[in-house]
Amino acid sequence: MPKKSARSIKQLHKDARKYVWHPFTQMREWEQELPLIIDRGKGTFVYDLEGHAYLDGTASIWVNIHGHRHPTIDSAIRHQLTKIAHSTFLGLSHPSAIQLAKALVQLAPNGLEKVFFSDNGSTAVEVALKMAIQYWQQCSSPQPRKTKFIHLGLAYHGDTVGGMSLSGIESFRKPFSSLLVPEHHTVHTPYCYRCPLDLQFPSCQMACADPIETLLKRKHRDIAGIIVEPMVQGVAGLIPSPPGYLKRLHELCQHYQVLLIADEVATGFGRTSRMFACEHEGVTPDIMAVAKGMTGGYLPLAATLTTDKIYSAFLGEPHEGKTFLHGHSYTGNPLGCAAALANLAIFKTERTLAKVQRRAPKLSAFLKKLTADPWVGDIRQCGYMVGIELVMNQRTKEPFPVTDRIGYRVGLAARALGLLIRPIGNTMILMPPLSATLHELQQMVDILKDAISVVRTSTHTEELS
Ligand SMILES: *Cc1c(COP(=O)(O)O)cnc(C)c1O
């Protein structure tokens, strides 16, 4: 591969600053650093224009599963390209989407029988919400009053208006309050790791689920569904729910005739060491949204799965208005479907889940070393999803002032040492590709440890000068 000349690299750096606006990025702060421009990837590593290697500790924002440039996925996409790159899914079909839908149904929790494709996690959630609301208008004993949703405090369900309305992270919503769909119900649980009731699991008997039951008792006639990130809230900073919580939600939903919507966008495809997080508690949700890992981190593709019961409520004569009127230009894109099929095939050939189940406890052991660091206040893990919370005081868990930008600075220090890791606030989120070797996992943790030390040393030096 011909190396890029120093001149063309300089031009790219200049144009990156001049023309591009990045997501979830304060651009003034970003412009102060030399942009990191990724040129290629291989396995767990990505490489910048100059050829420096970085461990992909974010799995390219939680999407990569089997590593970069996996030959099976590469060639599946190439093969699809010899046929067609895209044809519409509005009324037409194609083999890759049919095979993928079948494969997803076979893998999904028992009872999810139909697959509705879209393009990303936010739209998969949006589809789930619209499906739930329309279902209640058209089911055999219609309950059109059921239009509200319950979501958890600190939940994250995407950036489109519906998903944003059901996200609990205030800073993401604040400027858009005029757009948000009002009158949903926020329930501020579960927070085992810093329980507001100051109770201990399991003697608390999961008191954090009680407010949901109370709410359902009073309002279930207005409530279409409960949406939840099963087992662990991701963007909240990696917050696991207490064992049995998901199962309890499921029972409450069944008892009060409310749909359970599992947002598996982050947790799906092996992240938590099961194919889908719902499996940990043997729960089949009524609707399940998947996206991030679906194509192994190759192409934007998402799906919303549901039961035959919900699907049937949408059947009728064309003039009856029961049709699900939702879709996107690139719904069911064939290249994406081909990548997703290859992604699923690799789970079998490389026994990915068994590997993750074997390695996740070893990752925990590596992470344990970090607890010796005075800034590490908490380490939370669910399979290959890890949050390392940095605090000013390990004992009191007093947070750093936001203006100190500790998480951001640790991320930059790690990058200089060869690890990509992105914080949420001051929680460093480690999401390795599921294919990462034990050695690579250990390297990631070691670099993070060093990066924290580097930032601490420079902070102390600043204070002294
Ligand atoms: C990332 C994420 C989304 C949004 O997915 P996008 O593909 O970024 O739109 C929704 N829900 C959860 C739980 C997520 O982690």
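Two strands are counted as paired if DSSP finds at least two bridges between them, and the legends below, which describe a predicted model, use the word in that sense.

**View 1. Strand 3 and strand 15 in the open sheet of mixed pairing.** Strand 3 runs parallel to strand 15, and 2 bridges join them. Within this pair, D56 stands opposite L420 of strand 15. The sheet to which they belong is open and has 4 strands in the order 1-2-3-15. Its edges are formed by strand 1 (38–42) and strand 15 (419–420); each has a single partner strand, so one side of each is left without a neighbour in the sheet.

**View 2. Strand 1, strand 2 and strand 3, with the hairpin.** Strand 1 pairs with strand 2 (residues 45–48) in the antiparallel sense, over 4 bridges, and in this pairing R40 stands opposite Y47 of strand 2. Strand 2 is also paired in the antiparallel sense with strand 3 (residues 53–56), here over 3 bridges, and the bridge partner of F45 in strand 3 is L55. A hairpin is formed by strand 2 and strand 3, with 4 residues between them, and G51 in its turn has a positive phi of about 95°. As general background, strands of a sheet pair through backbone hydrogen bonds, either parallel or antiparallel.

**View 3. The open antiparallel sheet in the order 13-14-17-16.** This sheet is made of 4 strands, and its pairing is antiparallel. Strand 13 (376–382) and strand 16 (422–424) stand at the edges and have a single partner strand each, so one side of each is left without a neighbour in the sheet. From one strand to the next, the twist averages 25°. Strand 14 (residues 385–390) and strand 17 (residues 427–430) run antiparallel and are joined by 4 bridges, and E389 has T427 of strand 17 as its bridge partner.

**View 4. Helix 13 and helix 14 on the antiparallel sheet.** In the sheet of View 3, E389 and T427 are bridge partners. Helix 13 (residues 352–368) packs on this sheet and touches strand 13 and strand 14, its direction making about 175° with that of strand 13. Helix 14 (residues 406–416) also packs on the sheet, where it touches strand 14, strand 16 and strand 17, and the direction of helix 14 makes about 40° with that of strand 17.

**View 5. The ligand and the residues around it.** The residues around the ligand are W62, N120, G121, S122, Y156, H157, G158, E229, D263, V265, A266 and K292, and this shell divides into 4 nonpolar, 5 polar and 3 charged residues. Oxygen atoms of the ligand take part in two of the contacts shown: one lies 3.4 Å from a polar side-chain atom of N120, and a backbone N or O atom of G121 lies 2.8 Å from an oxygen atom of the ligand. On the side of D263, an N or O atom in the side chain is 2.7 Å from a nitrogen atom of the ligand. The ligand taken alone exposes 380 Å², of which the protein buries 84%.

**View 6. The loop between strand 6 and helix 9, with P202 and M206.** P202 has its place in the loop between strand 6 (185–187) and helix 9 (210–219), and the peptide bond that joins F201 and P202 is cis, with omega about 0°. M206 lies in the loop between strand 6 and helix 9 as well, and phi of M206, a residue other than glycine, has a positive value near 55°. For context, most residues other than glycine have a negative phi, and most peptide bonds are trans.

Conventions. Residues are numbered from 1 along each chain as its sequence is written. This is a predicted model: local features need pLDDT of at least 70, side-chain atom pairs count only at pLDDT 80 or more; totals for chains, interfaces and linings use all residues. Side-chain values use heavy atoms; hydrogens and water are left out. A residue is near a molecule or strand if one of its heavy atoms lies within 4 Å of it. A polar contact is a pair of N or O atoms within 3.5 Å; within protein, one must be able to donate a hydrogen and the other to accept it, and residues adjacent in sequence count only if both atoms are side-chain atoms. Accessible areas come from the Shrake-Rupley method with a 1.4 Å probe; for residues, only the protein chains shown count as cover. Ala, Val, Leu, Ile, Met, Phe, Trp, Tyr, Cys and Pro count as nonpolar, Asp, Glu, Lys and Arg as charged, and the others, Gly among them, as polar. Helices (H or I, at least four residues) and strands (E, at least two) are DSSP runs, numbered from the N terminus. Axes are lines fitted to C-alpha atoms, for helices over the stretch in contact, and angles run from 0 to 180 degrees between N-to-C directions. Contact means heavy atoms within 4.5 Å.
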